[in-house]
Amino acid sequence: MARVEIYTEACKSCSYCVISCPKKTLEISEKVNSKGYLYAEQVRPEDCIGCMMCAQICPDAAIEVWR
Amino acid sequence: MAEERKVYSRTKGILPDTVSGFCPGCMHSTVHKIVGEAAEELGQLDNLVRVEGVGCCGLGQFYVSCDETIAAHGRAGAVATGIKRSSPNSLVYTYQGDGDLAAIGLAETLSAANRGENFTVIFINNGIYGMTGGQLAPTTLVGMKSTTTPLGRKAEEHGYPLHICEIINQLTAPYYIERVSCDTPQHVIAARKAIKKAFQYQLEGRGYSIIEVVTSCPTNWGLDTLSSLNFLREKMFAEYPLGVFRDRGKETADDSSAKV
Ligand code: SF4
Ligand code: SF4
């Protein structure tokens with residue numbers, strides 16, 4: 001099974017990963033990091049295929065992928 | 001079940017546990033990431049030297065892990081010339097925005113390209129001055145509002161957008177010229193490939209290369225991150241089409257027998 005890990009402190013809530021995930025596993029959460037950004041979260045990890053699209057697009061290098 | 005493997009890691013080209021100073025959705029961050037990845041893939045992180053322009057790109061000094069210096073505004077091409085000539089084995093790149101490279105630094109930019117200096121230029125074109133507060137840049141689109149053209153750029157008064165790749169493509173010496181973007185994962189991958197190729201050419205001593213990255217500036221465009229992607233695709237790509245302008249390496253590989 002594939003999964004992503006999000007370095008939430010670096011996330012700036014741009015949503016690029018959310019719109020780029022072909023399986024729609026990511027969403028902007030209601031949680032806030034220390035910079036005040038609502039950070040992205042993987043809400044449907046069971047659907048993740050490890051394609052790395054989210055990690056490629058993330059400007060802030062906040063996403064790492066395992067598979 | 002096969003053992004789990006990490007397939008995408010944060011590059012060592014940017015500092016660990018560090019948040020970039022760039023705005024949300026700003027592709028300066030993306031380009032810093034892929035420059036690090038390209039150098040890492042080539043095993044050149046320890047050999048990488050960055051010459052930084054002035055403007056938003058200056059925020060990169062707190063973010064990258066390589067050796068670097070900051071040139072006076074616009075003069076990165078001249079400083080990189082000195083560094084590369086005195087340390088020819090270093091992998092040298094300039095990192096410059098449109099205000100730096102295409103306005104105040106136009107002379108240094110064109111002179112270095114015209115001499116065919118053996119370094120790589122990474123040019124960030126977001127059509128506006130970022131850090132100084134959203135003023136008109138040479139690359140601002142006709143009709144586009146900036147703080148110094150509140151009614152929009154007027155061609156009669158402010159001239160037309162400057163096409164750097166097209167201008168450099170008129171010179172004899174440059175080896176590789178490509179315009180890329182970072183608005184989709186596919187474009188990010190292509191942009192990284194272009195930067196890696198430019199670095200490879202430099203390591204082979206083939207001469208000057210420039211990679212222009214057409215990017216967004218959500219903050220100074222006054223758009224949210226996702227709307228800025230639409231503006232980028234609809235307006236910026238229309239003025240600044242993506243693609244390879246020149247690739248001498250490919251020409252020689254493709255038709256070694258045909259034209260000289
Ligand atoms: S690796 Fe692919 S499927 Fe998994 S979250 Fe990222 S984009 Fe979605
Ligand atoms: S792309 Fe990166 S910075 Fe943007 S929301 Fe996703 S994790 Fe956060």
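Buried area is the accessible area, taken with a 1.4 Å probe, that two parts lose on being put together, summed over both. I use that term for the contact between chain A and chain B of a predicted model, where local features need pLDDT of at least 70, side-chain atom pairs count only at pLDDT 80 or more, and totals for chains, interfaces and linings use all residues. Residues are numbered from 1 along each chain as its sequence is written, chains are lettered from A in the order in which they are written, and side-chain values use heavy atoms, with hydrogens and water left out.

The two chains bury about 2600 Å² between them, and carbon and sulfur atoms give 57% of that. On the chain A side, A:Lys12, A:Tyr16 and A:Gln56 lose the most area to chain B, together 24% of what that side buries.

Next, the residues. With contact meaning heavy atoms within 4.5 Å, chain A brings 27 residues and chain B brings 38 residues.

Now the polar part. Between the chains there are 2 salt bridges, each a side-chain nitrogen of Lys or Arg within 4 Å of a carboxyl oxygen of Asp or Glu. A:Glu64 and B:Lys6 form a salt bridge through their side chains, at 2.9 Å, N to O.

Last, the strands. These are DSSP runs of E, at least two residues, numbered from the N terminus, and two of them pair if DSSP finds at least two bridges between them. β4(A) pairs with β1 of chain B, residues 6–8, in the antiparallel sense over 2 bridges. There, A:Val65 has B:Tyr8 as its bridge partner in β1(B).

Methods. Helices (H or I, at least four residues) and strands (E, at least two) are DSSP runs, numbered from the N terminus.
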